[in-house]
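Could we go through this model together, one question at a time, and keep each answer tied to the coordinates?

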Amino acid sequence: MTAGTTTSGTTTAEHELAALAREHGRPLFALLLRLSDGDRQRAEDLVQETLVRAWQHPEALRAENFASARPWLLTVARRLAIDARRARRARPPEVVDAVPENARVTADHAERAAAALDVREAVKTLTPHHRDVLVLVYFRGASVAEAAEILGIPPGTVKSRAYYALRALRQVLPGYATDLR
């Protein structure tokens, strides 16, 4: 057995640290909870960090000018809390995974590409007259008058063919029906 270890395999320093946590843990937590504005998780983390510092500096706890280790622990804890507060103020707040209510939600490129393929296949099912009107008016951006002139038909016919073409697409593409209105 090596010096500083006990029969259970834990070191004397670990026993001293456990004793420190039992003796001073509650007052440390109470102080750090106040300094952390009631954030229990942060206070627990700071208590652990304070105890780690005590474990790293056992000479400070055995100093002859201290009747108790508590003043040293409370000073370290207070300084850690101040440092943590300064660090939080120095960096921007963390972004959460939730999408804000006023955020614009856009579909990604893959969804748009899949939708375009679906629409192309649906347009192929239309009659040539309906397809021609739909391509001119909706895909190429021609006005009703321009489409009528290009196709050589009256503007009213362009309007009715566009109406019936869209109605046929709504039946073929039920998932997209709200987009076609």
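What follows is a conversation about a predicted model, running from its overall make-up to single contacts.

Colleague: How many helices and how many strands does the secondary structure of the chain come to?

Modeller: From the N terminus on, the elements run α-α-α-α-α-α-α-α. The secondary structure of the chain therefore comes to eight helices and zero strands, where a helix is a DSSP run of at least four residues and a strand one of at least two.

Colleague: What percentage of the residues of the chain count as buried?

Modeller: The chain exposes about 13200 Å², and carbon and sulfur atoms supply 55% of that area. Taking buried to mean under 20% relative accessible area, the share among the 181 residues of the chain is 23%.

Colleague: Which helix gives the largest share of the largest nonpolar core?

Modeller: This core has 19 residues, and those touching the most other members are Leu-20, Leu-28, Leu-32, Leu-46, Val-47, Trp-72 and Leu-73. Two or more residues come from each of helix H1 (12–35), helix H2 (40–56) and helix H4 (70–90). The largest share, seven residues, comes from H4.

Colleague: Which residues is Val-47 in contact with, once its neighbours within four places in sequence are left aside?

Modeller: Val-47 is one of the residues that touch the most other members of the largest nonpolar core. With the neighbours within four places in sequence set aside, the residues in contact with Val-47 are Leu-28, Phe-29 and Leu-32.

Colleague: Is His-24 buried or exposed, and what is its relative accessible area?

Modeller: His-24 has its place in helix H1, and, not counting residues up to four places away in sequence, it touches Ser-68, Ala-69, Arg-70 and Leu-73. The cut-off for a buried residue is under 20% relative accessible area. His-24 is therefore buried, with a relative accessible area of 2%.

Colleague: Which residues of helix H6 are buried?

Modeller: Helix H6 spans residues 128–139, and what covers its buried residues includes H5, helix H7 (144–151) and helix H8 (155–172). Just after H6, Gly-141 takes a positive phi of about 75°. The buried residues of H6 itself are Val-133, Leu-134, Leu-136 and Val-137.

Colleague: Why is the pair formed by the rings of Tyr-163 and Tyr-164 classed as it is?

Modeller: A search of the whole structure finds one aromatic pair, and in this pair, Tyr-163 and Tyr-164, the ring centres lie 5.0 Å apart. Tyr-163 is partly exposed, with a relative accessible area of 46%, and Tyr-164 is likewise partly exposed, at 43%. Planes over 60 degrees apart count as edge-to-face. Because the planes of Tyr-163 and Tyr-164 stand at 80°, the pair is edge-to-face.

Colleague: How far apart are the N and O atoms in the salt bridge of Asp-39 and Arg-42?

Modeller: The structure holds four salt bridges, and one of them joins the side chains of Asp-39 and Arg-42. Asp-39 counts as partly exposed at 28% relative accessibility, and Arg-42 is also partly exposed, with a relative accessible area of 25%. The N to O distance in this salt bridge is 3.0 Å.

Colleague: In which helix do Glu-49 and Arg-53 both lie?

Modeller: The side chains of Glu-49 and Arg-53 meet in a salt bridge, at 3.0 Å from N to O. An α-helix has 3.6 residues a turn, so residues three or four places apart point the same way. Glu-49 and Arg-53 are four residues apart, about one turn, and the helix that holds both is H2.

Colleague: Is Lys-124, the partner of Glu-121, partly exposed or exposed?

Modeller: Glu-121 forms a salt bridge with Lys-124, the closest N and O atoms being 3.4 Å apart, and both residues lie in helix H5 (residues 109–124), three residues apart. Glu-121 is partly exposed, with a relative accessible area of 48%. The cut-off for exposed is over 50%. At 56% relative accessibility, Lys-124 therefore counts as exposed.

Methods. Residues numbered from 1 in each chain as written. Predicted model: local features only at pLDDT ≥ 70, side-chain atom pairs only at ≥ 80, totals over all residues. Heavy atoms only, no water. Core = buried A, V, L, I, M, F, W, Y, C linked by side-chain atoms within 4.5 Å. Buried < 20%, exposed > 50% of the residue type's maximum accessible area, 1.4 Å probe, protein only. Contact = heavy atoms within 4.5 Å. Areas by Shrake-Rupley, 256 points an atom, 1.4 Å probe, with all protein chains shown as cover. Phe/Tyr/Trp six-rings, centres within 6.5 Å; stacked < 30°, edge-to-face > 60°.
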